[in-house]
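Thanks for sharing this one. Here are a few friendly notes on charged pairs and cysteines, to read with the structure open beside you.

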Amino acid sequence: MTPDLAGLIVGTLLTLMVLSYILGDNPFYRLALHILVGVTVGYGTAVALTMLFQTVLPALGDPAGRLSLIVPVVLGILLLFKGFPRWASWGNLSTALLVGIGAAVALSGALLGTIIPQARAVGPVWNWLQGGWIGLLNGLLMAVGTACALLAFAFAVPRNPSLRRLWNGMVGLPGRLGRVFLMIAFGAAFATALTASLSVLVGRVYTVVEGLQRILSIWGL
Amino acid sequence: MIYCPKCGAGNQDGSRFCAKCGTPIPTTGIRCPVCGTMNPLGNVYCDRCHTRLVPLAISVPEEPEEKPHPVKGLSLPTRPSAGEADWLTQLRYSEEQPAGAEEETETPAAEIPDWLLQLGLVSSSAAKPEEAAGISPFPTRSPEEKFPHGPEWRKGEAAPESAVGEGAPEGIPGFPERYPSEVPEAPPAEQVAPVFPPTELPDWLAELTGVTAPTTPSSGPSPFTEEPLRPAPMEPPPFAPEESAPSAPGGPSVPPVLPEWLTEVAPPAPSGEPEAPSAVPPITLDWLGEGLAAAPPEQIAKTVPPLLLEEETLPGPAPAELPDWLLAARERPETAPHAAPELGGLVPAEIPEWLKPLRPKEVEEAVEEVAESEGLLAGLRGVLPIGRGLDMPTTAARIRPAGPTPAAVARAELLQGLLARPLFQPPEEKSEAPRRAAGWTISRLLVGILLLGAILAPMLVRVPFFGPPVGSGVDQLYAQVEALPPKTPVLLAWEYGPAEAEEMDRVAGPIVVHLLRRGARVLIVSTRPEGPATAAALLHRWIPDSETLMAQVVNLGYQPGGASGVREILSNLGRRTEFLTGAPAADLEIMQGVRSVMDVGMVVLLTAQPDDLRVWVEQVATANPNIPVGAGISARVEPVAGAYLGTGQLRGLIAGWVGGAVYEQRLDTGQGRVYQYYLTSLGLAQLAVAALMILGAAVFLVGGRNK
């Protein structure tokens, strides 16, 4: 039995065990679930250790790379103190460094990679006309949908009754329209997620069929 | 020491103003017998200690003979004389012992006659009417005991002797033990011999009174020394004439006739005849005045005290007109011998104001005095009033407590409920899970069978429902890969794991094959731990030629850190190591000339999560905005990727199996039939799910809303 065949048989059995959930909670489903979680964590740990031994430790042997790794190693050791409540404060510096750098990188990336390009892509109104009526409709939908979706999250109301009526007139109807846009967006997201899940299911079903064919072929059936 | 009535500060005797607050100190008033404070006239209670200043009543002892007072007899003031006997001198001095006698008043002597001054002193120091009657209007304890904080002059003062022991009720400790030696026991009334036998009175006095004044005591020891004194009779106060009888000016100028009661206490008249030698000095009549008999009536009225004048001029007031207390005093024949006061230069004067409040009240009022009816002080009258702070209305309405308010009841119930709740809720016994209805399991089984049939149907029957797949962006990505020059480094971000491999392998496979066909150098990196292994598995299945694989593909492994990890990958590609062998990337031939993303000709993102796509797009746009980026993504990421595709940040896109099938048709890798099966199965499964959703919504809308 080749490793591929063994993997195919084990995969088939685990898939059937997971699909047994359609009959309700059962030990087979739980066993498959535990195996999945355990293997995932074990594999992640193995990958992390492999990276550590392949990247960090060889660098410590190099005098040139040792200096560059002193600060990361010290920060990493300090980060280990987070596991002990008594000395958890020792890891605050490492945590602050990680959070600060991560926030800065994410913020700069969001600003330069998403917000500005997306705002620039919307462009002026005359750019919408370049696509004809469809382009204009698309642009209007994007603009109106974005504004209404933002107004849908306006929950504050002025205390002044007159201002409250004005606010309800300006925000109430657009807010309801924004909720419609949000429902459409959520529906689309659900549909795509369902499609991805069905794709996985179809792939698993084909894998099981293939595995059964292999098993039956082995038995001469 | 005089205490200020306002601030209570002590001032020297004779002060007219308080040395502390400047308040005028009343020089004429009533001195409190307890604390010594001078109170204005008219005060009933002391301003400082609230002691009653004016006795409520004077009651005559009903049975004075049965309870003789050991008070030494004394009535009128006497003038000491050189020939006075020692026993009489001691007796007089003893009567003047009560403290405060000299401080009773500060009225100048010029305003008050000497005799009246002495009378006032004696009357204040001698046995008081109420004391003689057995009533103790003031505390009977010594000042040191009862008023330790009193003035200094009172601390050394002896306790009043007036009938303390007799008048004190039973049960009060200290009285019998304190004054047994000072108060001799009085003999019975019938054993007391008359002091002045009638036969010894002078003739002039005998004519006036009808009794004989004693001139010489009987032989033997003096009755004052051998026998205890009888209780002192009530001394006629100076205001007695006003109350007893109206004055009668212009009466006949006859020699004044002393009343009978006065003759008893009057000294023997100087008869000029030698008396028999006696131990008792003769009582002179100097106090009556020598020229009294010869004076005109007007002068007599001015000089003689009203008391004597009235007694002499009036035919004689009936005994019934006198107050009872005065009559009782008159009926006592056994009085101590007195020295006759000197009446020289006396003029009738009115009773000073300070003396009027001391006037005893009528007996009827005394009857109204409420005596203590219970307790240790039962039967005692004139007790000190209770402090004002303790005064309470006797008829105060009883306050009925109001019922609790509803809010209070609610709070109480809430608190009671909280207290009744156990601190630790015992774990409930696990009951068997409610068995679901058989219809629920059957319905799930039917759904499963329906989906499984939809998926396997393409294997069994030909389903002509679905035409060739159409995907947006696939052609753009295909063209972008076709435009790559040979051996162009292409960074392949492998951001999916085994869980998404069923879908993503059908997306990533065609792209990898196309890149390898184009001769590109594929650099695989990942920010997910399972990414490199998933990539290795796919490459093993899709690229059987290991030589080609080793020449064009390098797996640079996993980089943690999320966005920071992506930034690290893009910045330091040349410093990474190979995933399987651990060899430094810089040593690999495929990595020649590649140090960062700037040296890469294209970036292809293979991800099944929207966040991974966003992070990669953003970081690549930040690191090198001009580098073309393509993506092979899951179907669920398509809505997010569409936005980047519209902005040009993504040059091409393969979304899900549909996109993979389209790309596979363009690439023709021999997997077209499999893609067809997959897409048909996927389409049928979607239809089945849509049918189930519509059916469920219909059931919900028709009748299952309340379930």
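The points below take the salt bridges first and the cysteines afterwards.

1. A reminder before you zoom in: this is a predicted model. Every number in this note is therefore computed from predicted coordinates.

2. How many salt bridges does the structure hold over all chains? The count is nine, and the next points pick out some of them.

3. Please have a look at B:Asp505 and B:Arg541, which form a salt bridge with their closest N and O atoms 2.5 Å apart. This pair links distant parts of the chain, as the two residues are 36 apart. B:Asp505 sits in helix H19 of chain B (residues 498-517), while B:Arg541 belongs to helix H20 of chain B (residues 531-542). The acidic partner, B:Asp505, counts as buried because its relative accessibility is 9%, under the 20% cut-off.

4. Next comes B:Arg528, whose side chain meets that of B:Glu530 in a salt bridge at 2.9 Å, N to O. Are these two partners buried or exposed? B:Arg528 is buried, with a relative accessible area of 17%, and B:Glu530 is buried as well, at 16%. When you display this pair, do include B:Glu500: together with B:Arg528 and B:Glu530, B:Glu500 is part of a network of salt bridges.

5. A salt bridge within one helix is found at B:Arg614 and B:Glu618, where the closest N and O atoms are 3.6 Å apart. Both residues lie in helix H23 of chain B (residues 610-623), and because they are four residues apart, about one helical turn separates them. Their surroundings are worth a glance too: B:Arg614 is partly exposed, with a relative accessible area of 30%, whereas B:Glu618 is buried at 3%.

6. Now for the cysteines. How many disulfides are there over all chains? The count comes to zero. B:Cys7, for one, is in no disulfide, and the nearest cysteine sulfur, that of B:Cys21, is 3.5 Å away. Since a disulfide needs the two sulfur atoms within 2.5 Å, that separation does not qualify. B:Cys7 counts as partly exposed, at 33% relative accessibility.

7. B:Cys35 is likewise in no disulfide; its nearest cysteine sulfur belongs to B:Cys49, 3.5 Å away. As for its setting, B:Cys35 counts as buried, because its relative accessibility is 8%.

Terms used:
Residues are numbered from 1 along each chain as its sequence is written. Chains are lettered from A and ligands numbered from 1 in the order in which they are written. This is a predicted model: local features need pLDDT of at least 70, side-chain atom pairs count only at pLDDT 80 or more; totals for chains, interfaces and linings use all residues. Side-chain values use heavy atoms; hydrogens and water are left out. A salt bridge is a side-chain nitrogen of Lys or Arg within 4 Å of a carboxyl oxygen of Asp or Glu. Buried means under 20% relative accessible area, exposed over 50%, partly exposed in between (1.4 Å probe, protein chains only).
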